[in-house]
Amino acid sequence: MAVNERDIEAIVKSILDGMRDPSALAGITAPASSGDIPKTAHVAMLTDLKHFEIKEYPMPEVGDDDILVKVEGCGVCGTDAHEYKVDPFGLIPVALGHEGTGEIVKMGKNVKKDSAGKDVKVGDKIVTCMIFKDNPDITMYDLNKQNVGGADVYGLLPDDDCHLNGWFADYILIRGALGSTFFNVSDLDLDSRILIEPCAVLIHAVERAKTTGILRFNSRVVVQGCGPIGLICIAVLRTMGIENIVAVDGNEQRLEFAKRLGAEKSVNFMNYKGAEELGAAVEATFDGHLADFAFPCTGNPKAHANIYKMIRNGGGLCELGFFINGGDATINPHFDLCAKEITLVGSWVYTLRDYVTTFDFLKRAQAIGLPMKELITHKFPLEEINEALETNLAMKGLKIAIVNK
Ligand SMILES: NC(=O)c1ccc[n+]([C@@H]2O[C@H](COP(=O)([O-])OP(=O)(O)OC[C@H]3O[C@@H](n4cnc5c(N)ncnc54)[C@H](O)[C@@H]3O)[C@@H](O)[C@H]2O)c1
Ligand SMILES: [Zn+2]
């Protein structure tokens, strides 16, 4: 029988399909896949203090409730730097990286929707949030402050047979059985997706601040500390319609960036001696008024002690700077708290709901022209992960990210 042109076309198509997805040739039903999945994955494994090795592992099976993600990028967090330097959680060997994002390349048949109920398919871009195996009470719409402080997270899991447990890798396996949460963020660009996790910290802090009833439309607000956390705080406040913001830091470059992200004015604390003088400088910067509300974002006990002098009687503050123990702060409870009737709240990580608010915040920030992406000052390929962590430890730049080729 002669083979006509149409047959040849069909044969070529089926071979090409087979090359893209070998299961198409074998005629078996495999999990949905975008094809071209290599046989091995690479993971930056922290095998010793200050020492990552790029390890190669067989690509794991994708179970019915699992998602295989091709990693595009992942921010370096202060917690990663802490692990790299001293391994406080005793996790070594560990696959780090929890501020990651990437593209779904394969998923099990039971995976249909993300943790917010949005459809997902192969090719979508996702981020992970916390792992809630032991606490099913924490749900998306639990607004009654269940933050995720005690939960696990990809990027800080103990190593296991899968090994693909952190975002500093070229592939990661999100497992349904672990109680993973994840979100479809295909409508955000890569830089925005890398910034989601730290931004969620500030969405939560602002939600905590709002519980005091003191933070209102265009309140006078002091943001103390202009590292990534303080800078994002300013951007979040700005997208909420608060423009009366004074940024405080000792670094002029950071103060300049704070203004581009939405602070109206700035105060360099290095120019003032003592808390009283600094408080007076902040008051003068607000045209003779103390702040209604303050966000201390430094992790420095001396800064916490100083902040009360910048706040008016009846004002409030949200302390969020002490993710790690930076030591005790000395305040005068009579002058600083009682006599001024200060309302104080603390803020710790975020809730699932804050994650979804964060996606909207990032779009709004972009829409009003805030240069959020400039927060990412350094990008390193996976092979240069040791340099990336050293850059973070040397306190160069703002946000350091691993971006895969
Ligand atoms: N609450 C949470 O869930 C949470 C999450 C992540 C990070 N954090 C904390 O947020 C803090 C800030 O994080 P970051 O990444 O921006 O850190 P960073 O070190 O980059 O920035 C801190 C900034 O504070 C400034 N600073 C220091 N002392 C000051 C003072 N006396 N007055 C004014 N400014 C001062 C520094 O110059 C620096 O710019 C960290 O301590 C971290 O532990 C908290
Ligand atoms: Zn982090």
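**A tour from strand β12 outward**

Begin by selecting D249, which stands opposite N268 in β13. The model is predicted, and this tour moves from that residue pair to the strands, the ligand shell, a helix and a few backbone features.

**The strand β12 and its neighbours**

Extend the selection to the whole of β12, residues 245-249, where 5 of the 5 residues are buried. Which residues point each way from this strand? I245, A247 and D249 point to one side, V246 and V248 point to the other, and all are buried.

Next, display β13, residues 265-268; β12 and β13 run parallel and are joined by 4 bridges. To follow the chain between them, add helix α6, residues 252-260: β12, α6 and β13 form a right-handed β-α-β unit.

Now turn to β11, residues 221-224, which pairs with β12 in the parallel sense, again over 4 bridges. Within this pairing, select V223 and find its bridge partner A247 in β12. The connection here runs by way of helix α5, residues 228-239, and β11, α5 and β12 make a right-handed β-α-β unit.

**From β11 to β14 and β15**

Keep β11 selected and add β14, residues 291-296. These two strands run parallel and are joined by 4 bridges; V221 has F293 in β14 as its bridge partner. Is β14 enclosed or open to the outside? With 6 of its 6 residues buried, β14 is largely enclosed by the rest of the structure.

Add strand β15, residues 311-319, which pairs with β14 in the parallel sense over 3 bridges. Here A291 stands opposite I311 in β15. The chain passes from β14 through α8 to β15 in a right-handed β-α-β crossover.

**The shell around ligand 1**

Select ligand 1 and display the 28 residues around it; those that come nearest are G225, G227, I229, G299 and F323. The elements contributing two or more residues to this shell are α5, β12 and α8, the last spanning residues 301-307. Which element gives the largest share? It is α5, with 3 residues. Colouring the shell by class shows 13 nonpolar, 12 polar and 3 charged residues.

**Helix α11 and its cover**

Move to helix α11, residues 385-393, and select its buried residues: I385, A388, L389 and N392. Viewed down the axis of α11, these buried residues fall within an arc of 95°, so they line one face of the helix. The general geometry agrees with such a pattern: an α-helix has 3.6 residues a turn, so residues three or four places apart point the same way.

To see what covers the buried residues of α11, display the surrounding elements, which include β2 (40-48), β3 (51-58), α3, β17 (376-380) and β18 (399-403). After α11 comes M395, and its phi is positive, near 55°.

**The open sheet**

Two of those covering elements, β2 and β3, lead to the next stop. Select β3, β2 and β5: the 3 strands form an open sheet in that order, with antiparallel pairing. Which strands stand at the edges? They are β3 and β5, each with a single partner strand, so one side of each is left without a neighbour in the sheet. Between β2 and β3 there are 8 bridges in the antiparallel sense; select A44 to find its bridge partner, I54 in β3.

**Backbone features in the loops**

The last stops concern backbone geometry. Most residues other than glycine have a negative phi, and most peptide bonds are trans.

Select I92 and P93: the peptide bond from I92 to P93 is cis, with omega near 0°. P93 is found in the loop between α3 (78-86) and β5 (94-95).

Go next to D287, in the loop between α7 (274-285) and β14. Its phi is positive, near 55°. Is D287 buried or exposed? D287 counts as exposed, because it has 9 C-beta neighbours inside 10 Å.

Finish at V349, in the loop between β16 (343-346) and α10 (352-367). The phi of V349 is also positive, near 40°. With 19 C-beta neighbours inside 10 Å, V349 counts as partly exposed, since a residue is buried at 20 or more.

Technical notes:
Residues numbered from 1 in each chain as written. Chains lettered and ligands numbered in written order. Predicted model: local features only at pLDDT ≥ 70, side-chain atom pairs only at ≥ 80, totals over all residues. Buried ≥ 20, exposed ≤ 12 C-beta atoms within 10 Å, placed from the backbone. Pairing = 2+ DSSP bridges. Right-handed = clockwise from strand over helix to strand, strands pointing away. Near = placed C-beta within 6 Å. Nonpolar A, V, L, I, M, F, W, Y, C, P; charged D, E, K, R; others polar. Arc of directions from axis to C-beta. Contact = placed C-beta atoms within 7 Å.
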